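Visitor: Before we begin, please show me the model. I should like to ask on what grounds each term is applied.

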Amino acid sequence: FWLREYDVDGFRLDVADGPGPDFWSYFWPAVKAEKSDCYCFGEVVDAPDIQQQYVGRLDGILDFHLCDAFRRTFAQRQWSEADFDRFRSRHSQSFPADFIMPTFVDNHDMDRFLFQSGGDKEALRRAAAIQMSLPNPPVIYYGTEVGITQAISGQAGFGLHVNRVPMLWGDEQDTELFAYYKGLIAQRRR
């Protein structure tokens, strides 16, 4: 229906590990038969050996492990950039080059990057610069590019919605950070 009636370009498959890899062995070929350039990527929050089961069953999966590495390195300062580089090198060898793994530094199910970093926008700039230099598609959670943070952690017992705050508009946005992101995106396009 969505492919035929609305010509959608792809599907972001939430909790793709719910039905498991066998289901996608039927879904993905059916989608490709209808629209060969349709892009299907899943949310699979699991160990790499489990994620590898989706190779050949989806176009790719969200790269939660790289997100964790971004956060450990730049937001939480638990890893050095050398640790990050070593991880990235090993991690990239776990999946075929044509298996697309969109990168991100935060999303709707975790504390925002700026909250994790204690408001350190330079740490966010560094993480974003590396994210935009990587070959896989970057995903930006709404508002990260304009400096949105949150008041309390999602772990404080108030639920995950504490990071789903309203978008900042106009003068409320960090225009310098926004310009930085625009520059990174322009550079990536070139």
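Visitor: What is the strand order of the open sheet, and which pairing does the sheet have?

Guide: The model is predicted, so local features need pLDDT of at least 70, side-chain atom pairs count only at pLDDT 80 or more, and totals for chains, interfaces and linings use all residues. Residues are numbered from 1 along each chain as its sequence is written, and side-chain values use heavy atoms, with hydrogens and water left out. The open sheet has three strands in the order E1-E2-E3, with parallel pairing. Strands (E, at least two residues) and helices (H or I, at least four) are DSSP runs, numbered from the N terminus.

Visitor: Why are E1 and E3 said to stand at the edges?

Guide: Strand E1 (10-13) and strand E3 (60-61) each have a single partner strand, so one side of each is left without a neighbour in the sheet.

Visitor: What makes E1 and E2 a pair?

Guide: Two strands pair if DSSP finds at least two bridges between them. Four bridges join E1 to strand E2 (residues 39-42), and the two run parallel; the criterion is therefore met. Within this pairing, Phe11 has Cys40 as its bridge partner in E2, and Leu13 stands opposite Gly42.

Visitor: Which helix packs on the sheet, and which strands does it touch?

Guide: Helix H2 (residues 21-34) packs on the sheet and touches E1 and E2, where contact means heavy atoms within 4.5 Å. The direction of H2 makes about 160° with that of E1; axes are lines fitted to C-alpha atoms, for helices over the stretch in contact, and angles run from 0 to 180 degrees between N-to-C directions. E1 has a covered face, Phe11 and Leu13, and an uncovered one, Gly10 and Arg12.

Visitor: Why is the contact of Asp9 with Lys35 called a salt bridge?

Guide: The term requires a side-chain nitrogen of Lys or Arg within 4 Å of a carboxyl oxygen of Asp or Glu. The closest N and O atoms of Asp9 and Lys35 are 3.4 Å apart, so the pair qualifies. Asp9 lies in the loop between H1 and E1 and Lys35 in the loop between H2 and E2, so the pair ties together parts that are 26 residues apart in sequence. Asp7, Asp9 and Lys35 are linked in a network of salt bridges. By this rule the count comes to 15 salt bridges.

Visitor: Are Asp9 and Lys35 buried or exposed, and how do you know?

Guide: Buried means under 20% relative accessible area, exposed over 50%, and partly exposed in between (1.4 Å probe, protein chains only). Asp9, at 59%, is therefore exposed, whereas Lys35, at 12%, counts as buried.

Visitor: What separates Arg72 and Asp68 along helix H4?

Guide: Being four residues apart in helix H4 (residues 64-75), they are separated by about one helical turn. Their closest N and O atoms are 2.6 Å apart, and they form a salt bridge. Arg72, at 29% relative accessibility, counts as partly exposed, and Asp68, at 34%, is also partly exposed.

Visitor: What makes the nonpolar surface patch, and why does Phe1 count as exposed?

Guide: Phe1, Trp2 and Tyr6 make a nonpolar surface patch of about 410 Å². Patches consist of residues with over 30% relative accessible area and no salt bridge; like charges are joined within 9 Å, nonpolar side chains (Val, Leu, Ile, Met, Phe, Trp, Tyr) within 5 Å. Areas come from the Shrake-Rupley method with a 1.4 Å probe, and for residues only the protein chains shown count as cover. Phe1 lies in the segment before helix H1 (2-6); because its relative accessibility is 57%, it counts as exposed.
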